[in-house]
Amino acid sequence: MGECRTIIQIPPAPELVDHICLRSVQLPLPSGPDAWHRSGRRQPCTMSLKLSWSSVSSSAQEDEVALSLDYGKLYQLIEELVQEWPNLRERLENQIPVVNLHGQPVHGSLHIERGQDISLLAGKIASLALAYLHESSLVINGLRPGAVQQNFGQCEVRLHLPKALLRAEGGLLHRSLHALGYNRADAVAAAVMEDGFQIQNIRCHCIIGVNAHERLQKQAVVVSLEIKGRADDHWREKFLNTYQEMTRVVAEEVDKTTFKSVEALVVFIARLVTVDFGNELVTVRAEKPNALAFAEGTGVEITRSREFFG
């Protein structure tokens with residue numbers, strides 16, 4: 001199918017939407033982001049996928065698996081795709097184009113080393129899953145006309161790389177949401193609806209708190225960041241070129257702080273991420289795991305834009 005270059009139309013979600021899920025699938029990457037900046041290194045990766053469609057009702061009513069999606073086949077297709085990463089062909093027969101909502105192809109940046117852009121891999125997985133959904137819907141409706149709404153489909157992909165960052169114990173997470181979309185010629189594509197990264201559990205140690213005993217020595221603070229974009233290559237390129245340095249700087253600068261409130265600390269971090277590193281929007285969460293004896297953590301979460309800081 002040709003690349004879509006016109007405005008993409010996304011069919012509205014029907015009243016009844018069901019989901020096929022693959023959770024915490026181990027997909028070791030032949031090459032991926034490395035905490036020590038080494039290229040071409042194998043990396044552990046966990047994928048969770050939720051494929052939404054309408055619906056499983058006919059399959060459930062007749063107790064007939066031929067009227068549903070084969071998640072075993074879906075898993076096999078994804079596994080075969082990941083084994084080729086990052087040397088993926090642009091037009092595999094079981095994929096559809098990945099585009100933004102303006103119909104522009106999402107190819108990834110030429111300035112990012114191959115294998116480092118896991119958002120590109122997530123798009124390929126979503127493209128494959130939505131193509132499989134679309135083709136399966138046509139087959140199912142051939143068997144039972146009207147059994148499924150064949151023009152609707154969404155795919156959420158989460159890729160978790162636990163070893164991508166030295167100072168972030170939770171690693172790097174990418175989440176994307178793609179939907180079946182159509183241009184004016186009814187060519188089908190996987191349209192990017194949501195796209196973002198999370199840096200999870202940056203462990204810092206600083207003076208924080210208003211109590212007298214909290215001013216005596218540093219305590220642990222766990223920081224997590226979420227950064228979202230607009231499904232274009234520019235913001236992802238900026239993030240992928242800076243997230244390792246940004247994580248290090250956040251950890252080192254927080255270690256130097258002596259705030260009394262967690263509120264002041266999260267605003268300080270948000271300023272670093274947006275103003276100093278050029279991100280448009282960030283969600284910052286900071287927790288004190290030792291603040292309360294019977295709570296795993298207490299903290300504050302905020303979302304701030306670069307514009308907020310002038």
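Helix H3 (118-143), strand E5 (168-182) and strand E6 (188-206) each put at least two residues into the lining of the largest cavity. Keep in mind that this is a predicted model. Beyond that cavity, there's a pocket lined by 16 residues to look at, plus a two-domain layout and a set of 16 salt bridges.

**The cavity**
- Searching the whole structure turns up 1 cavity of 30 Å³ or more.
- The space inside the largest cavity comes to about 100 Å³.
- Its lining is made up of 12 residues, and the ones nearest the centre are Val106, Ser119, Gly123, His178 and Val192.
- Sort the lining of the largest cavity by residue class and you get 5 nonpolar, 5 polar and 2 charged.

**The largest pocket**
- For the largest pocket, the volume is about 280 Å³.
- A total of 16 residues line the largest pocket, with Pro86, His107, Ser109, Arg114 and Leu120 lying nearest its centre.
- If you're thinking about the chemistry of that lining, the split is 6 nonpolar, 5 polar and 5 charged.

**Two domains and what sits between them**
- The chain is carved into domain 1 (18-196) and domain 2 (198-309).
- On the contact itself, domain 1 brings 28 residues and domain 2 brings 23 residues.
- Go by C-alpha centres, and domain 1 and domain 2 are 30 Å apart.
- Putting domain 1 and domain 2 together buries about 2,100 Å², and carbon and sulfur atoms give 51% of that area.
- There are also 4 salt bridges across the interface of domain 1 and domain 2.

**Salt bridges**
- How many salt bridges does the rule count? The tally is 16.
- One of the pairs is Arg144 with Glu62, whose closest N and O atoms are 2.9 Å apart.
- That pair ties together distant parts of the chain, 82 residues apart: Arg144 sits in the loop between H3 and strand E4 (154-161), while Glu62 belongs to helix H1 (residues 57-62).
- Another salt bridge joins Asp255 and Arg167, and here the closest N and O atoms are 3.4 Å apart.

Notes:
Residues numbered from 1 in each chain as written. Predicted model: local features only at pLDDT ≥ 70, side-chain atom pairs only at ≥ 80, totals over all residues. Heavy atoms only, no water. 1 Å grid on protein atoms, 1.4 Å probe; cavity = no way out; pocket = protein on both sides within 12 Å on 5 of 7 lines; lining within 4 Å. Points joined across faces, edges and corners; volume = space filled by probe spheres on them. Helix = DSSP H or I, 4+ residues; strand = E, 2+ residues; numbered from the N terminus. Nonpolar A, V, L, I, M, F, W, Y, C, P; charged D, E, K, R; others polar. Domains from an automatic or database assignment. Contact = heavy atoms within 4.5 Å. Buried area = accessible area lost by both parts, 1.4 Å probe. Salt bridge = Lys/Arg side-chain N within 4 Å of Asp/Glu carboxyl O.
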